[in-house]
Each structure stands twice: as C-alpha cells, then as structure tokens.
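Work through these exercises with the structure open. Try each task before reading its solution.

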Amino acid sequence: MSRSSGWLGGLDRREFLTGAALLGGVAALGSLFPISAFAADATPVTGGALKIGMSGGATSDSLDPRFMTDWVPVNLGYQIMNGLVEIDEHNKAIPELFESWEAKPGATEWIFNIRKGVTFSNGKTLDADDIIYSLNLHRGDTKSAAKAVIADVTDIKKLSPNQVQISLSSGNVDLPFILSDYHLMVVPNGWTDWMKPVGTAGYTLETFEPGVRSVTKRREGYWKAGRGHVDSIEIIDINDTSARTTALITGQVDVISRLNPRTVDLLKKKAGLQVIRNPAGQHATFLMNTEVKPFDDNNVRLAMKYGVDRKRMIDTVLNGYGVIGNDQPIPKTDRFYNADLPQHSYDPDKSKFYLKQAGLTDLPVTLQVSEAAFTGAIDAASLYQAACGKAGIDMTVKREPADGYWDNVWLKAPFCVSYWGGRPTADQMLTIAYKSDAKWNETHWKNPQFDQLLVAARTEFDEAKRKQMYGDLQKMISDDCGVVIPMFMDYLEAGAAKVKGMGPHPMFDLMGQRLGEKVWIEA
C-alpha cells in the first residue's frame, strides 16, 4: 500500500526493504536478473502490444472488485481501475487516488485528500462521492472479500468534493496500508456494470472472456507520470505451467507468471529471456476445516503439522526457491516475525502421539488439490501423502480441475490446498485470513482471544509491545489453527528481453499485479 508524507512518525516501512528483505532478495536476484539491467531500462518508450500468459484465471472470474479471488482479474482490474493507495517497490504506502492523508491523535479519525483533475474513462471527474461509493461496496450487507479488512470503518464522511474523513471503531496506525487492498478499486458513483467497468487507470477494456483472454487499450493522458506505455495489453489465461512456459519460449506471449521452479535454471540460460526471482510473503497453505471432524480436534491438526516433510517439499517442489514455513503466515522479512516460535519439524512419532491423544490409531483423510493453488501443488500433495503415511495418516490425494477450484473446493472442502501472496502488514494478513468473521477465514477457525489481541495490537504505539502481541498471535495460529504452512515460495516469472522495466516487488508477482502500466517494449 502507499503512504503519504503525512504518515505518523516512526512507523515508516522503509526497514522492510533496507533490512533483511533487501539483503536476501537482492542477493538472490543477482544470479537471475542483473541489477544493472534496471539502470539500463531508464528511458521508457511508448507503443507496442504486450501479451501476458497468466495462471490464476477461471470462467467464473468477475471484474467486480468485491469478488476478485485470483490474479488474472486483479491484474486486469489494475489496468482499468486505480486503487486508493499503492504499495511501492520499497513496501511503502504511497499516494494513488488518495493524494495525501493525516491521522488525528489516536488514529481513529483520518483525513484523506483526493487527487484533483483525474477523470474516468467515460469522462466523469473523480470526486468524493466516487470514493465513498467504492468503499461502501465492501461495507454493510455485502459478500465482499474485503468486508473484514475495513470492518472497523464506522463512517466515511464527505468534507468537500476532494476530501473525505474516515472514522474507525478503534485506532489503527496501518490504515493507509489497509486501504491498498486490491479489492478497493475505484469506480464511478453508482456503477454496476462489472463486465465492463469504468476506471481512472491507464487502459480501457476492449475484450473480457473470463478464463480465456482479455484485451485493454491505452488511454491518452494518463494522470500517472511515467506509467501506461504500451498501446495494448492482452492477458491469455494459461493455467497449465508447461503450456505457459512454451508460449513464452515460442514468442506467443511476452511475459509469464508462475514458473516451474525446476525449469528456472534452464530458462536463465536461454538467450532473449529474463527471469525474475522475487522473495516475498507468498506461502502455501494446506487447510483443515476446524468445524468438521476429524479436524475439530486440535490433536488431529497437530498430527497433520508434524506429518509434513517441509525441507523435502522445498527441495523437490520449489527446487530450493523458498524457505521453510512454521504454520503461521508472517514471513521472516516482516519486522513482527516471531523468530522464537518453536519450529514444527517432520516427526512421524510425534504425529502418532497426537493421533493417540485424539483416540485414533490411524487417520484416513482426503486432500483436494489443484495446480490452481500454486505451481507444483499436486507434487507437494503427493510428497505430503508419502510423508504422513509413516505416521499412520492414510491420505488420498484428489486432483481437482483448475477451472472452478476457487468456487467449488476452496472454503468448502474439509481438507484442501490454497496459497497466499502475503500482505504488506502483519495486521492485514492476520485480519483477512484468520479473524473469526473474515470472509476468507480458510480454516473456519474462531478464537475470541485471537480476535481481541489482533484489535488491541492496532492501537499499540510501543513497537516492542506491538512485536510481542503479533508474536503471540502467530503462536496461536501455529499451535491451534487448522492451517499447515510448510513453505514460503519465491515468486518466479519471466519475460522476453524486449520487455523493459520488469523487476521484483514486495507485493505479489508481476510487479504487484501492476506490470501492465509499468513496463514498455523495446522497438
């Protein structure tokens, strides 16, 4: 998310990049993407057609920001619509349609200034009514995935055509980061045509075939200086990893997401291609529904956590392009990461112990999985199956089609696979996926003590106390929640050498899903 110069003192996220994240990320990038290449790309040019081959699309996709669940609609959405706040390459919250902001003492009331002179592609001038309408899509009686993210917003008041006041039920020093959530894209007041939304971004929608392809065309006079270079952008939905890679090699597309880690070293050697490695907060999740048997017993959940061989999964599935997870979603690069949390390691005997505590000698389970979750998800499931078999857990792996996985399996199956791209703050990650009332509470885990501590951490200005609070929250998830997080996975993507301006980003792949407006094509 972005942040303005009016941000509260002492809470700058600059440490994220200048600390461990930068040291680890840039060191890793050295062998994959020459740092000098960024300097060489200094002068953008206009023109050309950009074709992106992406995983993360389905026939059920919608451009309604409330219901975006995977990367193709998010990427397409950012071509058409702007957000309120942007996260930059340094993991800082910087202005987008909110040009600047300031918090009143206690951080329960915030004043946001709306950028002037911005027009929608239908000619309407952006004003406070558009901002209020777009935020209210996610408030009240709504099924929006972002409802929990902004649940603490009690009022949005128009102060002038270019200024709003946002009031919270309790203070939150991270509000600008929260407002960078990709669901909070802005449309004109009253807009309802989600097959062809109107926005203020650099492109207009020409074609939208969910699960197949989309095409956007460049708008003249985009308000963001130095953005929106190519004449058109086509996204082709290619959920099969091999087909996606072949499309890049043969020149059918210019950029692809989600490389197979096993092919990265080969692609690096191929002339005319560039490979981007992006260590970030992306992580794999194996989800047990804590409201149904047998996963309503935490002994069973702990047996499953000690039944996964994390190192082998990273070495085999990720080819080393990742780090071991500990069944909680905050990465080591986050300043609130709990480094003192005991590591869950592969221990079949301990799994058997917890099964015995649950009154079981063996455990039959079915794991539903699809490559829609992440590249290598099926292989990861097979490794999990083999490892936990030694603990008396009889796992059946059921492969599901990629198309429809997020509608038909995720949040519905007793045991399935998912992934997260991470979030710029610990609060946002924990709120959107682990708070009891979160729409995307994947394991249906409800812990009132967790909810109370999460809310309390938002108003704690003492950094040491706040770190302890977030550390305790991570421990609750690791010890009790129904999520198995065996690994954090580097983002791996590639492009033709003619595509200039590509680089890593701390939020998601494809430059925070904003690659379309950032890159240009060398003539």
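**Exercise 1.** Which residues in H13 meet which residues in H15?

Solution. This is a predicted model.
- Step 1: Locate helix H13 at residues 426-434 and helix H15 at residues 463-480.
- Step 2: On H13, pick out Ala 426, Asp 427, Leu 430 and Tyr 434.
- Step 3: On H15, their counterparts are Tyr 470, Leu 473 and Ile 477.
- Step 4: Sort the contact residues by character: six are nonpolar, none is polar and one is charged.

**Exercise 2.** How do the axes of H13 and H15 cross?

Solution.
- Step 1: The two axes come within 11 Å.
- Step 2: They cross at roughly 30 degrees.
- Step 3: Angles under 35 degrees count as roughly parallel, so H13 is roughly parallel to H15.
- Step 4: Add the hand: H13 passes H15 in a left-handed crossing.

**Exercise 3.** Is H13 mostly covered or exposed, and what covers its buried residues?

Solution.
- Step 1: Apply the cut-off for buried, under 20% relative accessible area.
- Step 2: Nine of the nine H13 residues are buried, leaving the helix mostly covered. Among them are Gln 428, Met 429 and Thr 431.
- Step 3: Find the cover. It includes helices H5 (175-178), H14 (448-457) and H15. Strands S13 (283-288), S17 (415-420) and S18 (483-484) also contribute.

**Exercise 4.** In which sense do strands S6 and S7 pair, and over how many bridges?

Solution.
- Step 1: Find S6 at residues 153-160 and S7 at residues 163-168.
- Step 2: The pairing is antiparallel, over six bridges.
- Step 3: Check one bridge: Ser 160 partners Gln 163 in S7.
- Step 4: The two strands form a hairpin, with two residues between them.

Notes:
Residues numbered from 1 in each chain as written. Predicted model: local features only at pLDDT ≥ 70, side-chain atom pairs only at ≥ 80, totals over all residues. Heavy atoms only, no water. Pairing = 2+ DSSP bridges. Helix = DSSP H or I, 4+ residues; strand = E, 2+ residues; numbered from the N terminus. Axes fitted to C-alpha atoms, helices over the stretch in contact; angles between N-to-C directions. Parallel < 35°, antiparallel > 145°, perpendicular 65-115°, else oblique. Left-handed = near helix turned anticlockwise from the far one by under 90°. Contact = heavy atoms within 4.5 Å. Nonpolar A, V, L, I, M, F, W, Y, C, P; charged D, E, K, R; others polar. Buried < 20%, exposed > 50% of the residue type's maximum accessible area, 1.4 Å probe, protein only.
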